[in-house]
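Grab a coffee and take a look at the protein below. We'll walk through it piece by piece, starting with the overall layout and ending with some individual residues.

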Amino acid sequence: MNEPSRPGPLVTACGRRIEVGALRVDVPGRPIERITLNVGPERDGASNVWAGLSPGEARDLALRLLAQVASAEHRTRR
């Protein structure tokens with residue numbers, strides 16, 4: 001299991017690499033900050049996807065992921 005503080009991408013069981021990064025666009029008077037997700041291709045090289053999220057969107061995604069984790073862990077304890 002990858003620890004959140006571990007450097008480098010998270011590698012899933014199916015071999016996809018998920019990299020979390022940051023992007024800053026300097027706009028005069030209002031810089032734009034984005035958190036980036038780069039979901040690498042599967043082992044066969046198919047489908048590479050990325051997304052740029054605002055800090056609020058990234059936080060919302062994190063909360064949704066944590067809720068799904070809690071639900072999955074609860075189901076597996078039965």
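Here is a quick tour of the sheet, the helix, the salt bridges and a few residues worth finding on your screen.

Before you start, keep in mind that this is a predicted model. The centrepiece of this tour is an open sheet of four strands, in the order 1-2-3-4 and with antiparallel pairing. A helix packs on that sheet, and a search of the whole structure turns up three salt bridges.

**The sheet**

- Start at the edges: strand 1 (10-11) and strand 4 (49-53) each pair on one side only.
- Helix 1 (residues 55-76) packs on the sheet, where it touches strand 3 and strand 4. Its direction makes about 115 degrees with that of strand 4.
- If you're wondering what holds such an arrangement together, strands of a sheet pair through backbone hydrogen bonds, either parallel or antiparallel.
- How many bridges link strand 2 and strand 3? There are eight of them, and the two strands pair in the antiparallel sense.
- You can pick out partners across that pairing: Val20 has Leu37 in strand 3 as its bridge partner, and Arg24 stands opposite Glu33 in strand 3.
- Strand 2 and strand 3 also make a hairpin, with six residues between them. Look for Gly29 in the turn, which has a positive phi of about 85 degrees.
- Moving on, strand 3 and strand 4 run antiparallel too, joined by five bridges. Here, Asn38 stands opposite Trp50 in strand 4.

**Salt bridges**

- Which residues does Arg24 pair up with? One partner is Asp26, with the closest N and O atoms 2.9 Å apart. Another is Glu33, whose side chain meets that of Arg24 at 2.5 Å, N to O.
- Is Asp26 buried or exposed? Asp26 counts as exposed because its relative accessibility is 59%, and the cut-off for exposed is over 50%.
- Arg24 has a relative accessible area of 47%, so it is partly exposed. Glu33, at 33% relative accessibility, also counts as partly exposed.
- Away from that group, Asp60 forms a salt bridge with Arg64, and their closest N and O atoms are 3.1 Å apart.
- Both Asp60 and Arg64 lie in helix 1, four residues apart, which is about one turn of the helix.
- Asp60 is partly exposed at 35% relative accessibility, while Arg64 counts as exposed at 53%.
- Going back to the other salt bridges, shared partners join Arg24, Asp26 and Glu33 into one network.

**A nonpolar patch on the surface**

- Leu23, Val25, Val27 and Ile32 form a nonpolar patch on the surface. Together they have about 270 Å² of accessible area.
- Take Val25 as a sample member: you'll find it in strand 2 (residues 17-25). With a relative accessible area of 37%, Val25 is partly exposed.

**Three residues to click on**

- Thr36 is found in strand 3. Why does Thr36 count as buried? Its relative accessible area is 18%, and buried means under 20%.
- Leaving out residues up to four places away in sequence, Thr36 touches Glu19, Val20, Gly21, Ala22, Leu23, Ala51 and Gly52.
- Val39 sits in strand 3 (residues 32-39) as well. Its contacts, leaving aside neighbours within four places in sequence, are Arg16, Arg17, Ile18, Ser47, Asn48 and Val49.
- Try checking the distance from Val39 to Glu19: they are 20 residues apart along the chain, and their C-alpha atoms are separated by 6.6 Å.
- Where is Ser54? Look in the loop between strand 4 and helix 1.
- Ser54 is buried, with a relative accessible area of 17%. Not counting neighbours within four places in sequence, Ser54 is in contact with Glu33, Arg34 and Ile35.

Conventions: Residues numbered from 1 in each chain as written. Predicted model: local features only at pLDDT ≥ 70, side-chain atom pairs only at ≥ 80, totals over all residues. Heavy atoms only, no water. Patch = residues over 30% accessible without salt bridge, like charges linked within 9 Å, V, L, I, M, F, W, Y side chains within 5 Å. Areas by Shrake-Rupley, 256 points an atom, 1.4 Å probe, with all protein chains shown as cover. Salt bridge = Lys/Arg side-chain N within 4 Å of Asp/Glu carboxyl O. Buried < 20%, exposed > 50% of the residue type's maximum accessible area, 1.4 Å probe, protein only. Contact = heavy atoms within 4.5 Å. Pairing = 2+ DSSP bridges. Axes fitted to C-alpha atoms, helices over the stretch in contact; angles between N-to-C directions.
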